[in-house]
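Good morning, and thank you for making time for this short presentation. Please have the sequence and the structure open in front of you while I speak.

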Amino acid sequence: MKLTFFGAARDVTGSCIHLYHDGIEILIDCGMHQGIKAEKLNNTPFSFNPAKISYLILTHAHLDHSGLIPKLVKEGFKGRIFTTPATRDLAEILLYDSAHIQEKDAEWLTRKNLRKGRTTVVEPVYKVEDVLASLPYFENVPYGLIRSLDKGIRFRLIDAGHILGSASVELWFKDETTRKEKKIVFSGDIGKSGNPLIEDPTNIEKADYICIESTYGDRFHKNLSDTVEELREAVSETLRKEGNVLIPAFSVGRTQDVLFVLHNLAKENKLKNLNIFVDSPLAEKATQVYLSHVEMLEKNVDLAFLYKNSENYRIHFTKSVEESQRLNAIKSGAIIIAGSGMCEGGRIRHHMKHNIWRPECSVIFTGFQAKGTLGRLIVDGAKKAKILGEEIVIRSKIFTIGGFSAHADQKELLEWLGKVKTDPMVFINHGEEKASLEFEKKVVETLRMVTKVPSLGDSYEL
Ligand SMILES: [Zn+2]
Ligand SMILES: [Zn+2]
């Protein structure tokens, strides 16, 4: 078996691992690159022939794992895409959204070129029609089922506890010389234990090789009860001052987690009279996927918080642009949850324009803010910012609540790996270089496992 890292190697995004075994080519994820070099990397041709890939196993729906599937199909992939039913449904809405944004951006850049007298037409990496063409290749595989492929290769998906439908992959293959069966595990993104909506990550006891993510390989998170208290204080302070609360949030996962926590606080009378507006068509679609895949959520979780009003908790999903704009007239008491999570696009920007200059309002950040984004600028304490073409002063109170992360921290990653009793060789990926290297040090020190931190394009013969 030959293993090659074509993304998320000393980097967080663009997850893509290529396997070659006995003439069969398999991909684990086909993710989009995000951040500074994204445009160049996403437009670079694949380092393998998409037509020769027989199978793609998709760990979860986040675009840094699924985002280049339409490009793969456009360039000749004709194999099968295995993933859990919830991941398939979430990937569909995220890929459509991504294609739509790319088409709009490309159109805008083309028009900009024309105005400068250039005729260069900017092409998106893929279009909505390419997403449509990708969907027939998906095949649902539920958690726990062992699926056989060619040449004695078998795999199983198990719950990674990261977002709805997320999986780690256990894959068995026959060693080419000894013909003995070997097992490699791809962690996918590993969730934080204790998420109220999805199960904790499944542990693995046996493996010959493990490929593990390290997003927070050098950091520790706050616990959930402190996080909930931070959110309660921020919301109640703003409502007391008669302002609005803005919560920029990712549509899949974070929005639903925040709603769940707000609902519980209202139920326990710790917050009163909440008027919540979820102003994101994508979040509404994602919420529908939650409602249609109850079987993949934590047992006995009551999803009423996603649709049912009570005395202290009123939830409203805004639909049209006009309806979203009408929220501008509300001067106090609204909790507006909207995308994008890093304020790079989406409806959150117009809510900021109408609220962020008002000292009685607040913005609560619940997710990671990458360098260079509007969200990061605000979190770092900017006094003004250009929002929708206008320079706006920032007078609202800014809260940053870190404990909502969907990723295991260093301690939890080590615990997950420590459950493996068979002394595996460990590949550490999906982390910024510093995080991966620091995590490697911990793995060697505390678990005494043999480790590798691959760079982009590195191959290993297993
Ligand atoms: Zn993820
Ligand atoms: Zn990821």
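What should the 14 residues of α7 span at 1.5 Å a residue, and how far apart are its end C-alpha atoms? Before I answer, please note that this is a predicted model.

The expected span of α7 is 20 Å, and its end C-alpha atoms are 20 Å apart, so the two values agree. Let us now consider where this helix sits. Twelve of the 14 residues of α7 are buried, so the rest of the structure largely encloses the helix. Among the buried residues are Val258, Leu259, Phe260, Val261 and Leu262. The buried residues of α7 pack against two helices, α6 (224-240) and α8 (281-292), and against the strands β12, β13, β14 and β15. Just after α7 comes Asn269, which has a positive phi, near 65°.

I turn next to the sheet. Six strands, in the order β14-β13-β15-β12-β16-β19, make up an open sheet with parallel pairing. At its edges stand β14 (313-317) and β19 (397-400); each has a single partner strand, so one side of each is left without a neighbour in the sheet. From one strand to the next, the twist averages 20°. As an example of the pairing, take β12 (residues 245-248) and β15 (residues 334-338), which are joined in the parallel sense over four bridges. Within this pair, Ile247 has Ile337 of β15 as its bridge partner. Helix α7 (residues 254-267) packs on the sheet and touches β12, β13 (274-278), β14 and β15, and its direction makes about 170° with that of β13.

A hairpin offers a contrasting case. Strand β17 (residues 384-387) and strand β18 (residues 390-393) pair in the antiparallel sense over four bridges. Two residues lie between these strands, and in the turn Leu388 has a positive phi of about 50°. Ile387 has Glu390 of β18 as its bridge partner. Strand β17 shows a covered face, with Ala385 and Ile387, and an uncovered one, with Lys384 and Lys386.

I come finally to the metals. Which residues coordinate the zinc ion that is ligand 1? They are His60 (NE2), His62 (ND1), His162 (NE2) and Asp189 (OD), at 2.2 to 2.4 Å. Along the chain, these donors follow the spacing H-x1-H-x99-H-x26-D. His60 lies in the loop between β4 (53-57) and α2 (63-66), and Asp189 in the loop between β10 (181-186) and β11 (209-213), so the pair ties together parts that are 129 residues apart in sequence. The four donor atoms subtend angles of 91 to 168° at ligand 1, which makes the arrangement irregular. His60 counts as buried because its relative accessibility is 0%; Asp189, with a relative accessible area of 2%, is buried as well.

The zinc ion that is ligand 2 has as its protein donors Asp64 (OD), His65 (NE2), Asp189 (OD) and His430 (NE2), lying 2.1 to 2.3 Å from it. The angles between its four donor atoms are 90 to 162°, which makes this arrangement irregular. Here Asp64 lies in helix α2 and Asp189 in the loop between β10 and β11, so this pair ties together parts that are 125 residues apart in sequence.

What links the two ions? Asp189 bridges them, and they lie 3.4 Å apart. Thank you for your attention.

Key. Residues are numbered from 1 along each chain as its sequence is written. Chains are lettered from A and ligands numbered from 1 in the order in which they are written. This is a predicted model: local features need pLDDT of at least 70, side-chain atom pairs count only at pLDDT 80 or more; totals for chains, interfaces and linings use all residues. Side-chain values use heavy atoms; hydrogens and water are left out. Donors are N, O and S atoms within 2.8 Å of the metal (3.2 Å for Na, K and Ca); water is not among the atoms, so sites may look incomplete. Four donors count as tetrahedral if all angles lie between 85 and 135 degrees; four count as square planar and six as octahedral if opposite donors are over 155 degrees apart and all others between 65 and 115; anything else is irregular. Buried means under 20% relative accessible area, exposed over 50%, partly exposed in between (1.4 Å probe, protein chains only). Two strands pair if DSSP finds at least two bridges between them. Axes are lines fitted to C-alpha atoms, for helices over the stretch in contact, and angles run from 0 to 180 degrees between N-to-C directions. Contact means heavy atoms within 4.5 Å. The expected span of a helix is 1.5 Å times one less than its number of residues.
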